[in-house]
Amino acid sequence: MEELEKFVFFAGKGGVGKTTCSSIYALKCSERGLKTLLVSTDPAHSTDKILETTLDEKEKKIKEALWAKEIDASKEAVSHRKKIEKEMKQVVGPDMMNKLQGYLKMTHNSPGVKESALLDALIRTIKESKRYDKVVFDTAPTGETMRLLQLPELLSSWSEQLIERRKKNLEKLGRVGEKSKVDLDDDPLIKRLKSRENKLKFGRKVLLNRSSVIPVITPEKLSMLETKDSIKSLEKMGVDIPGIVLNRIASETATEERKSYEKKILNEIKKNMDKKVMGRVPLMEEEIIGVEKLSEHIDELDIC
Ligand SMILES: Nc1ncnc2c1ncn2[C@@H]1O[C@H](COP(=O)(O)OP(=O)(O)OP(=O)(O)O)[C@@H](O)[C@H]1O
Ligand SMILES: [Mg+2]
């Protein structure tokens, strides 16, 4: 049995079973006595359906030692914008504020805003997770998760550049005098950018030092190839991927053709990805829904 880091991300192509496997894993951790929080970050939330409950951004107790919540990126983005507006109101006049509000509304739907808000919520979740032994993230399909995990790196250098630019502007405006250091540190925009930069650096540190990413793969060529690529880029960033979980493995009753096709793909997975198989969940006749049914699969995962 492999013990994973405190923060565990289940990743993989769309529909391979990330929500199912992350729920089984979270249940397993809780049954072993670890205080566990399961967090859904996928906009198309299905963790609540798999657990047969309703979830929102507040942590909800599911059973002994297990809590769950979902992060809603759209809601996060709105509260993000409101916070920025409030801060701006303190530094600009009403005329300028009107223009800025229009601008903020316009950028609200631009690419990256939701991801950035989601990342903020994710980092907040990590920061506020001291009372948990394990935090399990059910993520959106591969591409998006990848971007999310890379965001701290991208945004952090972006913040640094913004801080530099702001400093230059203040200097140009002659607002920085002899006691420039004090003045710059008092600037509300620089303060905000610095706190954001620190938060992102913290997020990056946790992702690289205290997280495990577990790709879920089905015995299909497309799932294997897509995941192979994302494993490569995640590992390039320094993210720890201790092994993979195979889901929807053909049962005894599958046709011989299907079984032999799967055998071929599983061999390719072994050859192509130098990764330990840390779980094998069979394809069930029925979906694995509800705590009771999920519990039946706990021993199929070799991780805790
Ligand atoms: N081993 C299994 N046996 C039977 N049904 C399964 C199994 N694993 C997953 N399913 C079903 O397959 C569908 C997709 O699974 P799941 O929602 O866990 O995948 P996902 O990777 O989270 O999908 P998405 O990318 O949309 O978030 C669901 O209807 C789920 O109940
Ligand atoms: Mg899902």
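This briefing describes the surroundings of ligand 1 and the pocket that holds it. The structure is a predicted model, and every value below is computed from that model. Ligand 1 sits in the second largest pocket, and 18 residues surround ligand 1, the closest being Lys18, Thr19, Thr20, Arg248 and Glu287.

**Polar contacts and burial**

- Two glycines approach the ligand through their backbones: a polar backbone atom of Gly15 is 2.8 Å from an oxygen atom of ligand 1, and a backbone N or O atom of Gly17 lies 2.9 Å from an oxygen atom of ligand 1.
- Arg248, which is among the closest residues to ligand 1, makes its approach through the side chain, with a polar side-chain atom 2.7 Å from an oxygen atom of the ligand.
- Taken alone, ligand 1 exposes 630 Å², and the protein buries 82% of that area.

**The shell around ligand 1**

- Helix H1 (18–31), strand S7 (243–249) and strand S8 (276–282) are the elements that give two or more residues to the shell around ligand 1, and H1 gives the most, with 3 residues.
- Sorted by class, the shell around ligand 1 comprises 7 nonpolar, 6 polar and 5 charged residues.

**The pocket itself**

- The second largest pocket encloses about 400 Å³ of space, and its lining is made up of 18 residues, of which Gly17, Thr20, Asn247, Arg248 and Glu287 lie nearest the pocket centre.
- H1 and S7 each supply at least two residues of the lining of this pocket, with H1 giving the most to the lining, namely 3 residues.
- By class, the lining of the second largest pocket has 8 nonpolar, 5 polar and 5 charged residues.

**Residues that recur**

- Thr20, Arg248 and Glu287 are among the residues closest to ligand 1, and these residues are also among those that lie nearest the centre of the second largest pocket.
- Gly17, whose backbone lies 2.9 Å from a ligand oxygen atom, is likewise one of the lining residues nearest the pocket centre.

Conventions:
Residues numbered from 1 in each chain as written. Chains lettered and ligands numbered in written order. Predicted model: local features only at pLDDT ≥ 70, side-chain atom pairs only at ≥ 80, totals over all residues. Heavy atoms only, no water. Near = heavy atom within 4 Å. Polar contact = N/O pair within 3.5 Å; in protein donor to acceptor, adjacent residues only side chain to side chain. Areas by Shrake-Rupley, 256 points an atom, 1.4 Å probe, with all protein chains shown as cover. 1 Å grid on protein atoms, 1.4 Å probe; cavity = no way out; pocket = protein on both sides within 12 Å on 5 of 7 lines; lining within 4 Å. Sits in = over half its atoms within 2 Å of the grid points. Helix = DSSP H or I, 4+ residues; strand = E, 2+ residues; numbered from the N terminus. Nonpolar A, V, L, I, M, F, W, Y, C, P; charged D, E, K, R; others polar. Points joined across faces, edges and corners; volume = space filled by probe spheres on them.
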